[in-house]
Amino acid sequence: MLNPIRASSALRCVGWIVALICGALLAWVAGAQETRQTAVVMTIDGSISPATSDYFQRGLQRAQAQDAELVILRLDTPGGLDAAMRDMIGAMLVSDVPVVVYVAPQGARAASAGTYLLMASHVAAMAPATHLGSATPVRIGGGGPPGGGDERSEDPAGPEQDGNDNPETSEPRRGDTAMERKVLEDAVAYIRSLAERHGRNADWAERAVREAVNLTARQALEQDVADVVATDIEDLLAQIDGREVVMRDGTLTLDTAGLTLERVEPDWRTELLSIIADPNVAYLLMIAGFYGLLFELINPGAMVPGVIGAICLLLALFAFQVLPVNYAGLALVLLGLGLIVGEALMPSFGILGIGGIVAFVVGSVILMDDRNMAVSVPLIGGGPGGVRVHVMGGDRLRQDAAKTAAYRSRRAAGCRGGGTRGFH
């Protein structure tokens, strides 16, 4: 006869097993229902820079990791750096999640680098009363096309240029020098390839580069430059539902009905990078960090210079990770600083000093791989002299402190000797 206690225990165990299995199945079903049912929304309001590129790429990786249905980039930019823009476009083109670039809110613009981003997106959307264009590459400080292709849009034309002028009435811009033609033709080929990939108006895209023309949102829709004009994100999702887009491995039909929006705002990392990810700022942080550690070594126990120097060096390294740093240049800068310090502490008839200055200047000039993000010349000129003054000043302070200590020691010894003679 079966023991009632054992039977009850067996039934409880079976019940727990069934409950666990049911719970696991319910969790799996709920997870399956949520898969690719979210739309990640990011916002860029300002210039395209290494910080915004880092923010966009991390957001895109997050969307891919959670298998999101869509990424929406709300964009309002006057332009930005070519290297950062190309990094963003490269990530967009190989993404498994479709990206919608939405120029919003009303009154926003996608000028210069923003036009390239819009052309590269899987869906190009604009809010009413927005515009795009002025995609001619220019130097950061203005002027003609740069040698390295970096750009910052000044948007001189503004939205009043509608891009409807007859292209036959003016000669297309070709550039005045070989370098300008090289940069301009590269930009034209790049934006045309992006436009053609998604079936957009490549001829107008070329004019945006050569002639800096602009289009309003409505004109962009009529001329097959933009795909959608939507008043808000909900309207955007409704309009693109069922739309077929070109991905890296074929086409994909969007299913955007009922998507849950997940907003990814710029975090502290992005805010910090937006400040320090400037070549001159990062360079200053590196030099200040070197000064701080050097002062701490010359005057052990000061503490404050060493702490500040370590923080500055770490911030400089943090900035260098998103900048196009030439590590040979960085090594030359550090070598030059070390040789200058050696000359100040151990005179070598100028051999170490001259070698240090040469290494420092050459390393500073080639520190950035992108020539239009180079460190400013006045900043480079102040580095070696500042280090030498800093070292000599610290050495002088150390000598004064040693003399003071020796004088006090002799005085104390004299006082002890005088007291002894008086006793005898």
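Tutor: Two strands pair if DSSP finds at least two bridges between them. Keep that rule in hand for this predicted model.

Student: What makes β3 and β5 a pair?

Tutor: Four bridges join β3 (residues 99-103) to β5 (residues 123-126). The rule asks for at least two, so β3 and β5 pair. The two strands run parallel.

Student: Which residue of β5 is the bridge partner of Y102?

Tutor: A125 is the partner of Y102.

Student: Where do β3 and β5 sit in the sheet order?

Tutor: The order is β8-β5-β3-β2-β1-β11, an open sheet of six strands with parallel pairing.

Student: What makes β8 and β11 edge strands?

Tutor: Each pairs on one side only. β8 covers 228-229, and β11 covers 260-264.

Student: Which strands does helix α2 touch?

Tutor: Helix α2 (residues 50-65) packs on the sheet and touches β1, β2, β3 and β11. Its direction makes about 180° with that of β1 (38-45).

Student: Why are α10 and α11 called roughly antiparallel?

Tutor: Their axes cross at roughly 150°. Angles over 145 degrees count as roughly antiparallel, so α10 and α11 earn the term. The axes come within 7 Å, and the crossing is left-handed.

Student: Which residues meet between α10 and α11?

Tutor: Among them are L285, M286, F290 and L293 in α10 (residues 279-298). From α11 (residues 304-320) come residues including V304, L313, L315 and F320.

Student: How many residues of each class does this contact have?

Tutor: The contact of α10 with α11 has 16 nonpolar, four polar and one charged residues. Gly counts as polar; G289 and G309 are among the residues that meet.

Terms used
Residues numbered from 1 in each chain as written. Predicted model: local features only at pLDDT ≥ 70, side-chain atom pairs only at ≥ 80, totals over all residues. Heavy atoms only, no water. Contact = heavy atoms within 4.5 Å. Axes fitted to C-alpha atoms, helices over the stretch in contact; angles between N-to-C directions. Parallel < 35°, antiparallel > 145°, perpendicular 65-115°, else oblique. Left-handed = near helix turned anticlockwise from the far one by under 90°.
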